[in-house]
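Biologist: Could you take me through one part of this model at close range? I would like the surroundings of a single helix, told as one connected story.

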Amino acid sequence: MGDLSPVYQLEPGDPSRPRGLVGLQNQGNTCFMNSALQCCLNTPPLTAWLLAAAASAPANPRSATRGRMAAAAAALARRMWGRPGAGGAERPSDVKSVVGRVASQFLGYD
């Protein structure tokens with residue numbers, strides 16, 4: 001599987017400021033989606049792939065989202081794992097938008 005340590009490396013010179021300790025803002029009915037995203041984006045092989053390959057990988061023309069889900073998840077992973085220190089929250093609105101396009105029951109905020 002290879003070395004995944006670069007994904008989870010602490011900030012150079014400051015071991016007290018780990019990366020990835022970021023929350024997700026709830027957008028109405030997204031608490032379950034946010035829980036699933038937190039689990040996925042804290043799974044080392046998936047996070048490593050999203051950070052390294054998903055942005056440059058070609059879209060899958062046979063998938064329901066045509067690669068938009070991977071791109072949205074990769075952008076969210078970069079925002080979560082790219083900043084040092086704990087705290088704060090990201091808004092996964094692009095991921096929610098893609099999910100809503102393929103599953104209309106998730107379009108709104110109710």
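Modeller: Happy to; what follows starts with the whole chain, settles on helix H5 and its surroundings, and ends with a few side chains further out.

Please keep in mind that this is a predicted model. The mean pLDDT of the protein chain is 78, with 72% of the residues at 70 or more. Among the elements, helix H5 (residues 93-102) has the highest mean pLDDT, 92, while helix H1 (residues 5-8) has the lowest, 49. The stretch of residues 1-7 has pLDDT below 50, and it makes eight contacts in the model beyond near neighbours in sequence. Where pLDDT is low, predicted coordinates should not be read in detail, and with that said we can leave the N terminus aside.

Now the general layout. The protein chain holds five helices and two strands, and from the N terminus on they follow the order α-β-α-α-α-β-α. Of its 110 residues, 30% count as buried. About 6500 Å² of the protein chain is exposed, and carbon and sulfur atoms supply 59% of that area. Among contacts with a separation of 6 or more, 66% are between residues 24 or more positions apart.

That brings us to H5. Its buried residues are Val95, Lys96, Val98, Val99 and Gly100. Their cover includes H2 and H4. Two threonines, each in a loop, show what some of the H5 residues touch.

Take Thr30 to begin with, in the loop between strand S1 (23-24) and helix H2 (31-40). Leaving out neighbours within four places in sequence, Thr30 is in contact with Gln25 and with Lys96, the latter being one of the buried residues of H5. Thr30 has a relative accessibility of 1%, so it counts as buried. Its side chain also makes a polar contact of 2.8 Å with the side chain of Asn26.

The other threonine is Thr65, in the loop between helix H3 (44-54) and helix H4 (68-81). Beyond neighbours within four places in sequence, Thr65 is in contact with Val98 and Val102. With a relative accessible area of 11%, Thr65 is buried as well. Right after it in the sequence comes Arg66, in the loop between H3 and H4. Most residues other than glycine have a negative phi. Arg66 is not a glycine, yet it has a positive phi of about 55°. Its relative accessible area is 44%, so Arg66 is partly exposed.

Back on the H2 side, Asn34 lies in helix H2 itself. Asn34 has a relative accessible area of 7%, which means that it is buried. Not counting residues up to four places away in sequence, Asn34 touches Leu24, Gln25, Asn26 and Pro92. Gln25 is thus a contact of Thr30 and also of Asn34. With Gln25 there is a polar contact too: the side chain of Asn34 reaches the backbone oxygen of Gln25 at 3.1 Å. The C-alpha atoms of Asn34 and Arg91 are 9.5 Å apart, although their positions lie 57 residues apart along the chain.

On the H4 side there is a charged pair to look at. The model has one salt bridge. In it, Arg79 pairs with Glu90, and the closest N and O atoms are 2.8 Å apart. Arg79 belongs to helix H4 and Glu90 to strand S2 (residues 89-90), so the pair links distant parts of the chain, 11 residues apart. The two partners differ in cover: Arg79 is partly exposed, with a relative accessible area of 30%, whereas Glu90 counts as buried at 13%.

Last, a word on the cysteines, where a covalent link might be looked for. A disulfide is a covalent bond between the sulfur atoms of two cysteines. The structure holds zero disulfides. For Cys40, the closest cysteine sulfur is that of Cys39, and at 6.8 Å it is too far for a bond. Cys40 is partly exposed, with 36% relative accessibility, and Cys31 is also partly exposed, at 40%.

To draw the picture together: H5 has buried residues whose cover includes H2 and H4, and it is touched from two loops, by Thr30 at Lys96 and by Thr65 at Val98 and Val102.

Conventions: Residues numbered from 1 in each chain as written. Predicted model: local features only at pLDDT ≥ 70, side-chain atom pairs only at ≥ 80, totals over all residues. Heavy atoms only, no water. Helix = DSSP H or I, 4+ residues; strand = E, 2+ residues; numbered from the N terminus. Buried < 20%, exposed > 50% of the residue type's maximum accessible area, 1.4 Å probe, protein only. Contact = heavy atoms within 4.5 Å. Areas by Shrake-Rupley, 256 points an atom, 1.4 Å probe, with all protein chains shown as cover. Polar contact = N/O pair within 3.5 Å; in protein donor to acceptor, adjacent residues only side chain to side chain. pLDDT = per-residue confidence, 0-100. Disulfide = S-S within 2.5 Å. Salt bridge = Lys/Arg side-chain N within 4 Å of Asp/Glu carboxyl O.
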